[in-house]
Amino acid sequence: MNTLGFLRDNARWLSAGVLLTFLSSFGQTFFISIFAGEIREGFGLSHGQWGGIYALGTTASAIMMIWAGGLTDQFRVRGLGAIILAMLLAACLFMALNPVWWLLPLVIFALRFTGQGMTSHIAVVAMSRWFIATRGRALSVATLGFAAGEALLPLIFVTLMITIDWRILWVVAGVIAALGIPLLMLLLREERTPQSLASSNQAYGMDLRHWTRNETLRHWLFWFMIPALLGPAAFNTAFFFHQVHFAEVKAVDHIELVAFFPFYTGVSIAAMVLSGWALDKWGTARLIPFMQLPMVVAFLAFAFAEGPVGLTLGFLFLGLNTGVNTTLPAAFWAEFYGTRHIGSIKAMAAAVMVFGSAIGPGITGLGIDMGVGIEVQYIAVAGFFVFSTVMMTIGILRAAPRLSRAA
């Protein structure tokens with residue numbers, strides 16, 4: 001099927017994926033972090049304290065994801081998605097109305113679980129299950145919502161914050177999330193693959209069988225992938241979380257730094273589309289070992305950047321990884337472990353990534369408080385991505401032959 005025909009025939013289901021990934025923005029670090037200065041000032045928090053609160057709330061959401069993520073194997077996207085979006089509305093209002101610092105971990109938990117966790121998880125699992133031969137294209141289209149959120153929301157909300165109180169802007173975010181509920185219900189009046197019929201639309205994994213979550217956890221490949229799961233979540237999150245501090249270190253206005261985001265998003269969209277096409281053509285086994293090499297270049301560029309050229313280079317390679325990272329890992333679980341239990345398996349992977357997004361800001365925030373400069377930290381981050389690439393490559397090379405081996 002050509003691309004235009006694919007988009008036309010699957011428009012309603014792909015649009016539901018775009019909607020969910022876009023609305024997940026209100027629980028993503030790139031959105032929450034634009035309020036970091038106001039939150040720290042309003043509650044009298046240091047970088048380390050704010051990072052610790054963020055890590056605590058995010059870790060709790062990762063633990064919750066282990067159980068809740070499996071609900072996508074049992075309930076339709078239409079019903080589960082509407083419930084989660086209603087909870088996201090409540091989380092946004094919680095942030096807007098919260099009067100005390102000691103409730104912030106609960107606020108962060110609510111935002112991260114409903115937004116970054118479940119809303120994006122539902123979208124990715126749906127694409128992985130609904131589409132098999134065109135899974136790469138489906139994921140690349142559906143995850144355009146992430147890119148749209150990253151490109152538009154920080155710039156819009158940072159500009160609005162000049163004249164509008166930050167708490168009111170969280171009410172606005174909640175209203176936008178609520179408007180997504182009737183739209184999702186309309187788009188999914190008929191789901192592509194109802195859960196009751198899912199067994200007839202399954203794709204096998206390694207050894208031509210469907211792996212359960214417990215089997216996946218006991219399999220060595222899962223553990224070889226752990227550094228690759230943790231890395232982007234931890235340090236991409238840390239970069240955006242400390243964007244205000246990073247702007248101060250680089251002696252640029254926050255709005256100037258945010259102005260790079262549309263460029264970063266444009267690159268990520270291009271990488272997302274190309275990786276989706278390449279995924280359908282060559283599969284994850286040939287592509288995924290190279291996935292995190294752009295992060296090495298990105299963080300070295302951010303460490304040594306002294307002007308717009310260095311920052312542009314950093315955002316270029318960060319965008320390349322972001323685009324690829326939205327398609328390849330999601331397809332990896334379905335391709336290597338099958339789709340019958342993809343919701344619960346992907347929930348474990350999502351929990352690892354959410355945990356990574358918890359420890360990244362916490363570790364880097366503590367480092368800042370201890371006097372370890374963010375630039376020095378970013379050199380170490382680049383080294384971590386070299387390590388994760390080696391581990392992932394070893395695991396994939398060993399496991400790939402089993403994709404065509406009968407049990």
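Visitor: Why is lysine 250 called buried?

Guide: In this predicted model, lysine 250 has a relative accessible area of 14%. Buried means under 20%, so lysine 250 with its 14% qualifies.

Visitor: What makes glutamate 375 and lysine 250 a salt bridge?

Guide: Their side chains meet at 2.6 Å, N to O. The cut-off is a Lys or Arg side-chain nitrogen within 4 Å of a carboxyl oxygen of Asp or Glu, so the pair at 2.6 Å counts. The two partners come from distant parts of the chain, 125 residues apart: glutamate 375 sits in helix α21 (residues 374-399), and lysine 250 in the loop between α13 (243-249) and α14 (254-258).

Visitor: Why does glutamate 375 count as partly exposed?

Guide: Its relative accessibility is 29%. Partly exposed lies between the 20% limit for buried and the 50% limit for exposed, so glutamate 375 at 29% belongs there.

Visitor: How many salt bridges does a search of the whole structure find?

Guide: Two. Besides the pair just described, glutamate 215 forms one with arginine 209, with the closest N and O atoms 3.2 Å apart. That distance of 3.2 Å also meets the 4 Å limit. Glutamate 215, at 25% relative accessibility, is partly exposed, and arginine 209, at 27%, is partly exposed too.

Visitor: How do you know that the length of helix α2 agrees with what a helix should span?

Guide: Happy to show you! Helix α2 covers residues 11-23, which is 13 residues. The expected span is 1.5 Å times one less than the number of residues, so α2 should span 18 Å. Its end C-alpha atoms are 18 Å apart, which agrees. Among the buried residues of α2 are Trp13, Leu14 and Leu23.

Visitor: Why is serine 25 called buried?

Guide: Serine 25, in the loop between α2 and α3 (29-32), has a relative accessible area of 1%. That value is under the 20% limit, so the label fits. Leaving aside neighbours within four places in sequence, serine 25 is in contact with Phe30, Phe31, Gly145, Gly149 and Leu153. Its side chain also reaches the backbone oxygen of phenylalanine 22 at 2.7 Å.

Visitor: What makes leucine 152 eligible for the nonpolar surface patch?

Guide: Leucine 152 has 46% relative accessibility and counts as partly exposed. Patch residues need over 30%, so leucine 152 at 46% passes that test. The patch, of about 450 Å², is made by Leu152, Ile156, Leu160, Ile164, Ile168 and Val172. The elements giving two or more residues to the patch are α9 (144-160) and α10 (166-187). Helix α9, where leucine 152 lies, provides the largest share, three residues.

How values were computed
Residues are numbered from 1 along each chain as its sequence is written. This is a predicted model: local features need pLDDT of at least 70, side-chain atom pairs count only at pLDDT 80 or more; totals for chains, interfaces and linings use all residues. Side-chain values use heavy atoms; hydrogens and water are left out. Patches are made of residues with over 30% relative accessible area and no salt bridge: like charges are joined within 9 Å, nonpolar side chains (Val, Leu, Ile, Met, Phe, Trp, Tyr) within 5 Å. Accessible areas come from the Shrake-Rupley method with a 1.4 Å probe; for residues, only the protein chains shown count as cover. Helices (H or I, at least four residues) and strands (E, at least two) are DSSP runs, numbered from the N terminus. Buried means under 20% relative accessible area, exposed over 50%, partly exposed in between (1.4 Å probe, protein chains only). A polar contact is a pair of N or O atoms within 3.5 Å; within protein, one must be able to donate a hydrogen and the other to accept it, and residues adjacent in sequence count only if both atoms are side-chain atoms. Contact means heavy atoms within 4.5 Å.
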